[in-house]
Amino acid sequence: MMALENAAAETPSATEYIRHHLTFLANKDAGGSIVDFSVIHWDSVFFSVLLAVLFAGSFYAVARRASVGVPTKFQNFIELIVEFVDKQVKDTFQGSSRLIAPLALTIFVWVFLFNFMDLVPVDLLPAVAHSVGVEYLKVVPSTDLNVTFAMSLTVLALVIFFNIKMKGAGGYLKELLLHPFGPWLMPFNLLLGLVETFAKPVSLALRLFGNLYAGEMIFLLIALLTLSAGFTGLVTAAGLAGVLAQGVLGIIWAIFHILVITLQAFIFMMLTIVYLAQAHETHH
């Protein structure tokens, strides 16, 4: 009886459980905040770099071993992704640039891998980290607003670069001042242009972050079904029912979430292509 009471006492509350899973591994206590630009979220950095290495390494290995004969299944899969992205670029981007297709491929695969980490059981990697002395660990980089904004601001920098490259600094400034209402409303035109320009990275970052953050929260809420049961609760009817409900709901949500994580990677890629295509357009 005493052991059961101790186990119950050690079980965190629902609020503590969720707060713990939403706290980043940072160089100072960031609490449960969603975003804090004054600290480095080392877990986001680690998994972003790890997934980048996985992405680049696997594509490089396939390219080195590519065969004109009978390709492997993995080579077929990689070629399918490359052809899919290349088709989207050709259908959307009418300009000429060697950067756009590789950039689109990188965004699509990298963001998809970010999102895919949301399908890893929510307690698995944090438990492994806790066993080696790491108290906090968030494994989904796209649930970190710092990461999504960093990617979207990179897209903004490319949009501004291509606008200046195609139209010149004077031409780009003239476009901001004169469109859409002509020279008599220059201040209003400039305000509209700046709002439109900076709304692009904000919408990119918040859309990706919001969808993945919501998905992560649902997985955490499903995990709460067996939080209070613990190992001792598994022998009770309530414990078994909680485990069964958690398993069924987790599988259903994971299957649906596969569509969400793929769609969000696709949307981020397509909007990037569209924004860069608009930057290549010249107005007369």
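**Exercise 1. Helix H5 and its buried residues**

Which residues of H5 are buried? Work this out on the predicted model, and then compare the span of helix H5 with the expected one.

Solution. Begin with the extent of the element: helix H5 covers residues 100-116, which makes 17 residues. Next, take the relative accessible area of each residue and keep those under 20%, the cut-off for buried. The residues of H5 that pass are Ile100, Leu103, Ala104, Leu105, Ile107, Phe108, Val109, Val111, Leu113, Phe114 and Asn115. For the span, the rise of 1.5 Å a residue leads to an expected 24 Å, and because the end C-alpha atoms of helix H5 are 24 Å apart, the two values agree.

**Exercise 2. Ile100 in its surroundings**

Determine how Ile100, a residue of helix H5, is placed with respect to the solvent and to residues outside its own stretch of sequence.

Solution. The relative accessible area of Ile100 is 1%, and therefore Ile100 counts as buried. Once residues up to four places away in sequence are set aside, Ile100 touches Val89, Phe93, Phe162 and Leu276. A separate distance check pairs Ile100 with Asp86, which stands 14 residues away in sequence, and gives a C-alpha to C-alpha separation of 9.3 Å.

**Exercise 3. Met269 and its partners**

Which residues are in contact with Met269 when its neighbours within four places in sequence are left aside?

Solution. Locate the residue before counting contacts: Met269 belongs to helix H10, which runs over residues 237-280. Its relative accessible area is 0%, so Met269 is buried. The contact search for Met269 then returns Val85, Gln88, Ala104, Ile107 and Phe108. Among these, Ala104, Ile107 and Phe108 also appear in the list of buried residues of H5. For Gln88, the C-alpha atom lies 9.3 Å from that of Met269, although 181 residues separate the two along the chain.

**Exercise 4. The cover of helix H3**

Identify the buried residues of H3 and name elements that cover them.

Solution. Helix H3 takes in residues 42-65, a total of 24 residues, and the distance from its first C-alpha to its last is 34 Å, close to the expected 34 Å. The buried residues in H3 are Asp43, Ser44, Phe47, Ser48, Leu51, Phe55, Phe59 and Val62. Their cover includes helix H4 (73-92), H5, helix H6 (124-131) and H7.

**Exercise 5. Polar contacts at Thr143 and Lys167**

Describe the polar contacts made by the side chain of Thr143 and by that of Lys167.

Solution. Thr143 sits in the loop between H6 and H7, and since its relative accessible area is 1%, Thr143 is buried. Its side chain is joined to that of Lys138 by a polar contact of 3.3 Å, while a polar atom of the Thr143 side chain lies 2.6 Å from the backbone oxygen of Val140. Beyond four places in sequence, the contacts of Thr143 are with Phe24, Lys138, Phe209, Leu212, Tyr213 and Glu216.

Turn now to Lys167, which is found in helix H7 (residues 145-178). With a relative accessible area of 17%, Lys167 falls under the cut-off of 20% and is therefore buried. The side chain of Lys167 makes a polar contact of 2.5 Å with the side chain of Asn163.

**Exercise 6. Enclosed space**

How many cavities of 30 Å³ or more does the model hold, and which residues lie nearest the centre of the largest cavity?

Solution. The count comes to 2 cavities of 30 Å³ or more. The largest cavity holds about 110 Å³ of space. Of the 13 residues that line the largest cavity, His21, Val122, Val139, Val140 and Glu216 lie nearest its centre. Two of these names recur around Thr143: Val140 supplies the backbone oxygen 2.6 Å from a polar side-chain atom of Thr143, and Glu216 is among the contacts of Thr143.

**Exercise 7. The chain as a whole**

Summarise the chain by its secondary structure, its burial and its contacts.

Solution. The secondary structure comprises 10 helices and 0 strands. Of the 284 residues, 38% count as buried. Among contacts with a separation of 6 or more, 72% are between residues 24 or more positions apart. Finally, the accessible surface of the chain is about 16200 Å², and carbon and sulfur atoms account for 72% of that surface.

Methods. Residues numbered from 1 in each chain as written. Predicted model: local features only at pLDDT ≥ 70, side-chain atom pairs only at ≥ 80, totals over all residues. Heavy atoms only, no water. Helix = DSSP H or I, 4+ residues; strand = E, 2+ residues; numbered from the N terminus. Buried < 20%, exposed > 50% of the residue type's maximum accessible area, 1.4 Å probe, protein only. Polar contact = N/O pair within 3.5 Å; in protein donor to acceptor, adjacent residues only side chain to side chain. Contact = heavy atoms within 4.5 Å. Areas by Shrake-Rupley, 256 points an atom, 1.4 Å probe, with all protein chains shown as cover. Expected span 1.5 Å × (residues − 1). 1 Å grid on protein atoms, 1.4 Å probe; cavity = no way out; pocket = protein on both sides within 12 Å on 5 of 7 lines; lining within 4 Å. Points joined across faces, edges and corners; volume = space filled by probe spheres on them.
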